Amino acid sequence: MKNILFVFTLALFTSFKPIPKEPTENKINWMTIEEAVALQKKEPRKIMMDVYTNWCGPCKMLDKNTFQNPDVVDYMNNNYYAVKFNAEGNDTVDFQDKTFTNPNYDPAKSNRRNSPHEFARFLKVKAYPTMVFFDEEANYITPISGYLKPQQLELYLKMFKADAHKDMDTQEKFNAYYKAFKPKFKE
């Protein structure tokens with residue numbers, strides 16, 4: 001009788017498999033600049049472009065710590081078109097009726113320092129990571145260089161989204177905005 005009870009109990013516990021959890025991992029909907037500009041024609045939004053390189057440590061930290069943050073992911077996906085661009089990569093970029101390439105790209109250096117892409121130079125990117133912001137018509141607003149934590153990025157995301165930058169023609173006005181800003185993103 002004990003053997004029957006043991007077999008029944010064992011069968012009962014091994015026949016039920018836990019229900020796999022749905023992936024809850026939200027990710028930013030990254031795209032190319034060409035895709036973002038095309039989407040702007042249907043639904044105008046600003047563009048935030050992450051300009052990175054494969055060898056850049058702070059770029060990897062930005063991907064891991066900031067661009068994985070649920071508040072950043074939600075805000076980006078709901079308010080911006082997010083573009084990822086390798087500033088030393090070999091992609092061809094078509095933007096504002098111009099074609100940009102990286103004619104000195106060396107495939108042997110794909111994960112090390114490589115030649116800067118023409119598009120990165122066009123955007124005036126001088127350091128990595130740099131986040132470049134564009135308005136709803138793909139006009140250049142400004143680059144923001146360096147690693148930013150979620151709440152630091154929140155300030156810029158919300159400032160550009162609300163067009164508050166248009167009223168900031170002095171450092172004092174930006175400082176006042178910065179001082180008054182109350183972040184809501186969790187770190």
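A strand, in the sense used here, is a DSSP run of E with at least two residues, and strands are numbered from the N terminus. By that rule Thr 130 belongs to strand 6, in what is a predicted model.

Before turning to that residue, consider the chain as a whole, which has seven helices and seven strands. Read from the N terminus on, these elements follow one another in the order α-β-α-β-α-α-β-β-β-α-β-β-α-α. Of the 187 residues in the chain, 37% are buried, and the chain exposes about 12000 Å², of which carbon and sulfur atoms supply 55%. Among the contacts with a separation of 6 or more, 66% are made by residues 24 or more positions apart.

Thr 130 has a relative accessibility of 0%, and because buried means under 20% relative accessible area, Thr 130 counts as buried. Leaving out residues up to four places away in sequence, Thr 130 touches Met 49, Asp 50 and Val 51, as well as Val 125, Pro 143, Ile 144 and Ser 145. With Ser 145 there is also a polar contact, side chain to side chain, at 3.0 Å.

Strand 6 (130-134) is also one of the elements that cover the buried residues of helix 2, and others among them are strand 1 (30-31), strand 2 (46-52), strand 3 (80-86), strand 4 (93-95) and helix 5 (118-122). The residues in question, within helix 2 (residues 33-42), are Ile 33, Ala 36, Val 37 and Gln 40. Seen down the axis of helix 2, these buried residues fall within an arc of 100°, so they line one face of the helix. On the other side of helix 2, by contrast, Lys 41 and Lys 42 are exposed.

The loop between helix 5 and strand 6 deserves a careful look, since Lys 124 and Pro 129 both lie in it. Most residues other than glycine have a negative phi, and most peptide bonds are trans. Lys 124, however, has a positive phi, near 65°, and this residue is exposed, with a relative accessible area of 54%. Pro 129 is joined to Tyr 128 by a cis peptide bond, with omega at about -5°. Another positive phi, near 50°, is found at Gln 96, which sits in the loop between strand 4 and strand 5 (98-100) and is partly exposed at 38% relative accessibility.

Pro 129 also leads to Tyr 147, a residue of the loop between strand 7 (140-145) and helix 6. Setting aside neighbours within four places in sequence, Tyr 147 is in contact with Pro 129, and also with Pro 58, Met 61, Leu 62, Asn 65, Thr 66 and Gln 152. Although Tyr 147 and Met 61 are 86 residues apart along the chain, their C-alpha atoms are separated by 7.5 Å. The side chain of Tyr 147 makes a polar contact of 3.3 Å with the side chain of Asn 65, while Tyr 147 remains partly exposed, with a relative accessible area of 25%.

Gln 152, one of the residues that Tyr 147 contacts, is also part of the lining of the largest pocket. This pocket has a volume of about 170 Å³, and the other residues that line it are Leu 148, Gln 151, Leu 155, Tyr 156, Tyr 178, Phe 181 and Pro 183. Helix 6 (residues 150-161) gives the most to this lining, with four residues.

Note on methods: Residues are numbered from 1 along each chain as its sequence is written. This is a predicted model: local features need pLDDT of at least 70, side-chain atom pairs count only at pLDDT 80 or more; totals for chains, interfaces and linings use all residues. Side-chain values use heavy atoms; hydrogens and water are left out. Buried means under 20% relative accessible area, exposed over 50%, partly exposed in between (1.4 Å probe, protein chains only). Contact means heavy atoms within 4.5 Å. Accessible areas come from the Shrake-Rupley method with a 1.4 Å probe; for residues, only the protein chains shown count as cover. The arc is that of the directions from the helix axis to the C-beta atoms. A polar contact is a pair of N or O atoms within 3.5 Å; within protein, one must be able to donate a hydrogen and the other to accept it, and residues adjacent in sequence count only if both atoms are side-chain atoms. On a 1 Å grid over the protein atoms alone, a cavity is a set of points where a 1.4 Å probe fits but cannot get out, and a pocket is an open set with protein on both sides within 12 Å along at least five of seven lines; lining residues have an atom within 4 Å of a point. Grid points are joined across faces, edges and corners, and a volume is the space filled by probe spheres set on the points.
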